[in-house]
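This report describes a protein model through its computed geometry. Please consult the sequence and the coordinates alongside the text.

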Amino acid sequence: MTRLLILGSLSGELGQAARLASARGAALVQAEGVTGALAQLRGTGADLVLADVTHDLPWLLERLTEERIATPVIACGRNADADAVLRAIRAGAREFLPLPPDADLIAAMLQAVAEGPDAPVYRDPAMAALMARAEQLARAEASVLITGESGTGKEVLARHIHAHSRRNRGPFVALNCAALPETLLESELFGHEKGAFSGAVAARRGRFEQAEGGTLLLDEIGEMDLRLQAKLLRVIQEREVDRLGGTGPIRVDVRILAATNRDLPSEVRAGRFREDLYFRLNVVALHIPALRARPGDILPLAEHFALRYADANGLPRRPLAPLAASRLLAHSWPGNVRELENTLHRAVLLAHGPEITPDAIELMAPPPEATVIATPAIAPASPAEPIAALVGRRMDEVERDLILETLGRCLGNRTRAAEILGISIRTLRNKLAEYRGQGLPVPPAPGQMPDSWKVA
């Protein structure tokens, strides 16, 4: 059930949009002004905000950015409100909903929020067996550890488990543990009281409280700092959280799913991951095979993405030509399903004629180290040439160029680039922040708009 916050009066056309959403199964909460909406989002939260553009949406969006509240805001108004709509979009509103509302458009927005990422698409026997096991486990309350290479679809599987669980009427809340530094991650997980630290201008519920009655996915759990691991273990054991700056524990009822692309037993042996937390999370394990290990899924996924991006871009639906399909099947897919999705997105945009032909299939080049390893078999003398070119350069410059080149080859995928470079994603993130501070262009993450495209 989508939790929908209506910012504005329910007596007019925005109220009509609210009633259409309610008829589609959304749970409604209403706020008369931006301060009330902000308080609601700090508290129980919402999955989507429909906001009347006559309110100060730039102020609200600025507060949401400052407090790292990622709930999408849809600006609602008439065409005569064009200036207010433009200000809201520039401030970060996700979309514009014209008033009076269209029932089909409301339904599409709710469906996009409710579904999140795509539902699992599979045909390979290995994946079919995994999905059967996942659906069997979904009805239980046990913690599940989902493992697999980057890009295999761990969050998609987690959402599928939630959808088939007895908690499916509750919220599904996901947090990427590698996306935030330790100090911010603690606040995101457990919440904070007003004044708990510099910038804590109001009390805020953490992800555990936001997931009350539902499911919490801790993605990239292997990147969590040891100190936070100890605090997380206590929350799992006691079923209660302590907000930063709080005066007492708060009971929580949450099912925990965790996901990682790391080998956690090896991390335990290396002292980087707590053994007791590992066993708490690993009540049941589900391992998603790499795409190269389930070739029966390549074409069904490719066809699915081709249809999805044709519709999203208003382009005709084109089938894969036999030679294009053969090219997809012959590729090793080091970036897994995420790489396949990006490839088909490009192919849909580049295709001409009635089919997607091989010339529209642009495959990712091999990572830099693969090229170096393969080169001696072709020309024994060539490895000396790039090494000689490095002589006289500073080590930090070489490191910088290697990181940025690898990130570019990975289409901005931070997790994949960190794997190739053999460093943690937190180290990679710190390096990229340093390069941005030097004024260097950094490839955006998948789905993130480059700075040069943003509205001034």
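The sections below cover the overall make-up, the core, individual buried sites, salt bridges and the surface.

## Basis and overall make-up

The model is predicted: local features need pLDDT of at least 70, side-chain atom pairs count only at pLDDT 80 or more, and totals for chains, interfaces and linings use all residues. Residues are numbered from 1 along each chain as its sequence is written, and side-chain values use heavy atoms, with hydrogens and water left out.

The secondary structure comprises 20 helices and twelve strands; helices (H or I, at least four residues) and strands (E, at least two) are DSSP runs, numbered from the N terminus. Of the 456 residues in the protein, 44% are buried. Buried denotes under 20% relative accessible area, exposed over 50%, and partly exposed the range in between (1.4 Å probe, protein chains only).

A contact is a pair with heavy atoms within 4.5 Å. Among contacts between residues at least 6 apart in sequence, 70% join residues at least 24 apart.

## The largest nonpolar core

A nonpolar core is a set of buried Ala, Val, Leu, Ile, Met, Phe, Trp, Tyr and Cys residues joined through side-chain atoms within 4.5 Å. The largest one has 30 residues, and Phe-208 and Ile-221 have the most contacts inside it. Two or more residues each come from β7 (172–176), α8 (182–190), β8 (215–219), α10 (226–238), β11 (255–260), α11 (264–269) and α12 (275–281). Helix α10 supplies the largest share, five residues.

Beyond its neighbours within four places in sequence, Ile-221 contacts Cys-177, Leu-232, Ala-258, Ala-259, Thr-260, Leu-264, Phe-273 and Leu-281. One of these partners, Cys-177, is buried at 0% relative accessible area. Cys-76 is likewise buried, at 0% relative accessibility. A search of the whole structure finds zero disulfides, a disulfide being a pair of cysteine sulfur atoms within 2.5 Å.

## Buried sites in β12 and α19

Leu-286 lies in strand β12 (residues 284–287) and is buried, at 1% relative accessibility. The C-alpha atoms of Leu-286 and Ala-134 are 7.4 Å apart in space, although the two residues are 152 residues apart in sequence. Leaving out residues up to four places away in sequence, Leu-286 touches Leu-130, Arg-133, Ala-134, Leu-137, Val-144, Leu-145, Ile-146, Thr-147, Leu-157 and Ile-161.

Helix α19 (residues 414–421) is largely enclosed by the rest of the structure, because six of its eight residues are buried. The buried residues are Arg-414, Thr-415, Arg-416, Ala-417, Ala-418 and Ile-420. Gly-422, just after α19, takes a positive phi of about 75°.

## Salt bridges

Side chains of opposite charge can pair when their charged atoms come close. With a salt bridge taken as a side-chain nitrogen of Lys or Arg within 4 Å of a carboxyl oxygen of Asp or Glu, the count comes to 25. One of them joins Asp-47 and Arg-3 (3.2 Å, N to O). Asp-47 lies in the loop between α2 (34–42) and β3 (48–52) and Arg-3 in strand β1 (residues 3–7), so this pair ties together parts that are 44 residues apart in sequence. Asp-47 is partly exposed, at 23% relative accessibility, and Arg-3 is partly exposed at 22%.

Arg-167 and Asp-253 also meet in a salt bridge (2.6 Å, N to O). This pair links distant parts of the chain, 86 residues apart: Arg-167 is in the loop between α7 (154–163) and β7, and Asp-253 in the loop between β10 (250–251) and β11. Arg-167 is buried, at 10% relative accessibility, whereas Asp-253 is partly exposed at 37%. In addition, Glu-223, Arg-262, Glu-267 and Arg-272 are linked in a network of salt bridges.

## Surface

The protein exposes about 22,100 Å², of which carbon and sulfur atoms supply 55%. Accessible areas come from the Shrake-Rupley method with a 1.4 Å probe; for residues, only the protein chains shown count as cover.

Leu-315, Leu-349 and Leu-350 make a nonpolar surface patch of about 230 Å². Patches consist of residues with over 30% relative accessible area and no salt bridge, like charges being joined within 9 Å and nonpolar side chains (Val, Leu, Ile, Met, Phe, Trp, Tyr) within 5 Å. Within this patch, Leu-349 belongs to helix α15 (residues 336–350) and is partly exposed, with a relative accessible area of 48%.
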